[in-house]
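Visitor: Could you take me slowly through one part of this structure, and then show me what surrounds that part?

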Amino acid sequence: MTQRKGIILAGGSGTRLYPITMGISKQLLPIYDKPMVYYPLTVLMMAGIREVMVITTPNDADQFQRVLGDGSQWGISLQYKVQPSPDGLAQAFILAEQFLAGAPAVMVLGDNIFCGYGLPDLLQEADKTTSGATIFTYQVADPERYGVVDFDRGGAVKSIIEKPSVPPSNLAVTGLYFVDETAPERAKNVRPSARGELEITSLLKSYLYDDALSLQTMGSGFAWMDAGTHDSLLDAGNFVRTLTERQGIPVGSPDRVALDMGWIGEAKQKNCAQEKNLVERPTALHLSKPSDNVTNAENIFNISAEKHQTSLILSPRKLTAIRRKSTGVEGFMEEMHKANSS
């Protein structure tokens, strides 16, 4: 099997974040202490991907190259491609066809953030698939904002519906797609939608109709966020800061992932960190409203406890009391640690 290659789609004009994005790419905005693009890049790296193409706008290409370079500092190769106009997510596979050169691919959207224990294993398992496509779904409170999976009575995937007014389920398709080498040709056969774009849902449906679409659901141990709005951007930064102060989980750092993968040595990793004055920080979570922030804090807190075999897991009664007593993410994490030390 030809080595899979990665694509980060960092195009678009980021109108949902105006006026912030009138002078800078959305994917270069900070998620606490790192540029947003670091998070999808580390997802690809955790999947074992070492050749990556960043697709962005004509105005932003130079900025991405200044931020990311050629990737050699992380033991990977980064190339860049301009998307003249935002004509749909599926267009990325057409633009990257020469780069892919017949290889399977994994594409991640530049404003999507993933984290969770076991994420590298989940990604590397998907990478083993030699044909067809694999998508990842996540339960959300506002499915009308996303592409949503529709199931038949037997529980099999029947269709994928883009931003439905009446969602058939609350499982949203995340911005992470593993596809085989047929993706560029399939994308060429996609007809533009009513809004004139080559929709990713249409590309995925072509795999579904060929009985070649696999689905992985990210459970409560994982977190996903589409950081494309003012609220979600702020939530992400706040959550990263909270987890940084309380957990110190090194997620979202290309330096650390490259070191863990054995692509660079410890001395080079330290040099990279010193040059950027970088302190290791964790990633953000999928947050749609304040109550979800607390739920995800609870999940990560408990899973971290299980991983490290500590006594951090609290009883349901105690968790309920903490929920009532605390206000927001900061308050929840503070009360969790007070409860654990008592």
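**A close look at helix H1**

Guide: In this predicted model, helix H1 is followed by Gly48, a residue whose phi is positive, near 90°. Going back from that glycine into the helix itself, which spans residues 38–46, we find that H1 is mostly covered, since nine of its nine residues are buried. Written out by name, the buried residues of H1 are Tyr38, Tyr39, Pro40, Leu41, Thr42, Val43, Leu44, Met45 and Met46; to count as buried, a residue must have under 20% relative accessible area.

The next step is to ask what the helix belongs to. The largest nonpolar core has 42 residues, and the ones with the most contacts inside it are Ile8, Leu68, Trp74 and Leu176. To this core H1 gives the most, with six residues. Apart from it lies another core, made up of 31 residues, among them Ala92, Ala105, Ile135 and Leu198.

Looking beyond the helix, we can also follow the aromatic rings, for the structure holds four aromatic pairs, and one aromatic cluster is formed by Tyr138, Tyr146 and Trp224. Charged side chains come into the picture as well: Lys5 lies over the face of Phe99, at 5.1 Å from the ring centre, while the charged end of Arg186 sits over the ring of Tyr207, 4.0 Å from the centre of that ring. To return to where we began, H1 is a helix with nine of its nine residues buried, and six of its residues go into the largest nonpolar core.

Note on methods: Residues are numbered from 1 along each chain as its sequence is written. This is a predicted model: local features need pLDDT of at least 70, side-chain atom pairs count only at pLDDT 80 or more; totals for chains, interfaces and linings use all residues. Side-chain values use heavy atoms; hydrogens and water are left out. Buried means under 20% relative accessible area, exposed over 50%, partly exposed in between (1.4 Å probe, protein chains only). Helices (H or I, at least four residues) and strands (E, at least two) are DSSP runs, numbered from the N terminus. A nonpolar core is a set of buried Ala, Val, Leu, Ile, Met, Phe, Trp, Tyr and Cys residues joined through side-chain atoms within 4.5 Å. Rings of Phe, Tyr and Trp (its six-membered ring) pair if their centres lie within 6.5 Å; planes under 30 degrees apart count as stacked, over 60 as edge-to-face and the rest as tilted. A charge sits over a ring if NZ of Lys or CZ of Arg is within 6 Å of the ring centre and within 35 degrees of the ring normal.
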